[in-house]
Amino acid sequence: MESALGVIGGGIVGLAVAYKLQLRYPDKKIIVFEKDAEIGMHQSGRNSGVLHCGLYYEPGSLKAKLAVSGIRQMTAFCREHEIQHEICGKVVVASDEREAGFLKNLHARGTANGLQGLEFLTGAALAQREPYVSAKEALLVPEEGIVDYKAVMQKLKELILARNGAVLMGTRINKVVEGNNEVIVSDGTKEWKLDAVVSCAGLHSDRIYRQFTRQRRPLRIVPFRGEYMMLKPEAKHLVNHLVYPVPDPEYPFLGVHFTRMISGAREVGPNAVFALKREGYVNTQFSLKDTVDAVTYKGFMAFLAKNFSFSMGEFYSSINAKAFLKKAQKLIPDIKMEHFVKGTAGVRAQAMDARGKLIMDFNVIRQGRQVHVLNAPSPGATASLAIADYIISEYIN
Ligand SMILES: Cc1cc2nc3c(=O)[nH]c(=O)nc-3n(C[C@H](O)[C@H](O)[C@H](O)COP(=O)(O)OP(=O)(O)OC[C@H]3O[C@@H](n4cnc5c(N)ncnc54)[C@H](O)[C@@H]3O)c2cc1C
């Protein structure tokens, strides 16, 4: 019988892993299992569409390494397969002295991570690039860009299928049993015998780890919804490229920013609101299981206690459009409520430890013939091809 490798999850990380497994093991059958009817229905299809080049991440961390090599691979992949993308650069804007200090640290981080062309802009240079932006200091990051991640995922799927792989939709894996020389995965109706399985289950990664390995979860996924507004066509001229605030270094969230999407639309957001459902894309959606799972976790209570005003501020920006507008006006004061229409939302699978610390770096664990991607937050889409290489070289042999 043909030997096979499996991947749970048809988001961008799962598809990238399957694609790279196929290149590495051309004689094996590669099978992707996706519970939904389409690929990329969750984080990968609901993000900002930005190519991050490695500005923010702790030098030496997995994120820093994989973002830098990931953006190169992703742009090369897009060039090769004629997928729409553009290295348009972004400006990171400090609004006061405190943020100007953080911006200097970011410049140092980016330089340590090997970024090219970082440059503090003069007032005139900023005005030429982004005339409506108000800044105390502005840092140009010329290597960042925008891309159509849905098109990237479609292409990955197409390549997997063209090389005799399979992408099985509507296939929720609910049982994994380790044998002596194989691992058997099942969706309750059918079984697949595999040499190894890689779980890239995004918002469900921690539960899947517990269920399939019977080990305690070393961390907990806490869902943070990110909500967007769109700019109406008459306000599009207010943003030319990508305009970001200086993020608070305590959090993995980048703050409400302006994004020129690859379609030409202008998006504003996302905030970072604790979601009462892991796949809850509007603030009225609620899951008892998901909410109980989060609020009974001692890490979550420790997080809330330490970050109460942050959490409330983000929650307020979800229920009060004026609070959201205020965040946007910090960067572009001319933005007005009448420029907004409601946009989409995504939910971040953010790992947290038992002390309430948000885990910034990517996290992967192997247990027998199972490899689990436990934390793949932003820039997981940019870095997906590099994450796949890392998993294969470190965990599949
Ligand atoms: C609001 C937001 C903005 C972001 N902006 C950016 C950005 O601009 N640039 C960037 O690089 N990154 C960004 N990110 C991060 C990026 O989107 C993620 O890092 C990346 O999409 C993670 O991909 P994934 O495949 O791990 O997860 P997902 O895309 O969530 O995919 C996981 C898949 O697993 C499936 N699944 C789960 N359980 C099972 C099961 N039992 N059986 C079968 N299938 C299962 C799910 O249905 C899902 O399709 C953003 C994220 C969010 C939420």
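In which loop is Arg214 found? In this predicted model, Arg214 is found in the loop between helix H6, residues 205-213, and strand S14, residues 220-231. Although Arg214 is not a glycine, its phi is positive, at about 60°. The residue is exposed, because 10 other C-beta atoms lie within 10 Å and a count of 12 or fewer is taken as exposed.

A second residue with a positive phi is Asn164, which has a value of about 70° and is likewise no glycine. Asn164 belongs to the loop that connects helix H5 (149-162) with strand S9 (166-168). Here 13 other C-beta atoms lie within 10 Å, and Asn164 is therefore partly exposed.

Loops of this model also hold cis peptide bonds. One of them runs from Gly269 to Pro270, with omega near 0°. Pro270 sits in the loop between strand S17 (266-269) and strand S18 (273-274). Another cis peptide bond leads from Ser378 to Pro379, where omega is near 15°. Pro379 is placed in the loop that follows strand S21 (370-375) and precedes helix H11.

From this loop the reader may pass to H11 itself, which spans residues 384-395. Its axis and that of helix H2, residues 62-80, come within 6 Å and cross at roughly 115°. On the side of H2, the contact involves Leu66, Ser69, Gly70, Gln73, Met74 and Phe77; on the side of H11, it involves Ser384, Leu385, Ala386, Ile387 and Tyr390. By class, the residues of this contact comprise seven nonpolar, four polar and no charged.

Ile387 also leads into the interior of the model. The largest nonpolar core has 114 residues, and those that touch the most other members are Ala16, Val17, Val93, Val243 and Ile387. When residues up to four places away in sequence are left out, Ile387 touches Val13, Ala16, Leu66, Phe362, Ala376 and Gly380. Leu66 thus appears both here and in the contact of H2 with H11.

Gly380 has a further place in the picture, at the ligand. The shell around the ligand consists of 41 residues, and the closest are Gly9, Gly11, Asn47, Gly202 and Gly380. Two elements give two or more residues to this shell: helix H1 (12-24) and strand S19 (340-352). The shell is made up of 17 nonpolar, 18 polar and six charged residues.

The sheets remain to be described. In general, strands of a sheet pair through backbone hydrogen bonds, either parallel or antiparallel. One open sheet has three strands in the order S10-S11-S12, with antiparallel pairing. Its edge strands are S10 (175-178) and S12 (191-194), each of which pairs on one side only. From one strand to the next, the twist averages 20°. S10 and S11, the latter covering residues 183-186, are joined by four bridges. Within this pairing, Lys175 stands opposite Ser186 in S11.

Another open sheet of three antiparallel strands follows the order S3-S8-S4. At its edges are S3 (50-51) and S4 (85-86), and each has a partner on one side only. S3 pairs with S8, residues 145-147, over two bridges in the antiparallel sense. Where S3 meets S8, the bridge partner of Leu51 is Gly145.

Notes:
Residues numbered from 1 in each chain as written. Predicted model: local features only at pLDDT ≥ 70, side-chain atom pairs only at ≥ 80, totals over all residues. Pairing = 2+ DSSP bridges. Near = placed C-beta within 6 Å. Nonpolar A, V, L, I, M, F, W, Y, C, P; charged D, E, K, R; others polar. Axes fitted to C-alpha atoms, helices over the stretch in contact; angles between N-to-C directions. Core = buried A, V, L, I, M, F, W, Y, C linked by C-beta atoms within 7 Å. Buried ≥ 20, exposed ≤ 12 C-beta atoms within 10 Å, placed from the backbone. Contact = placed C-beta atoms within 7 Å.
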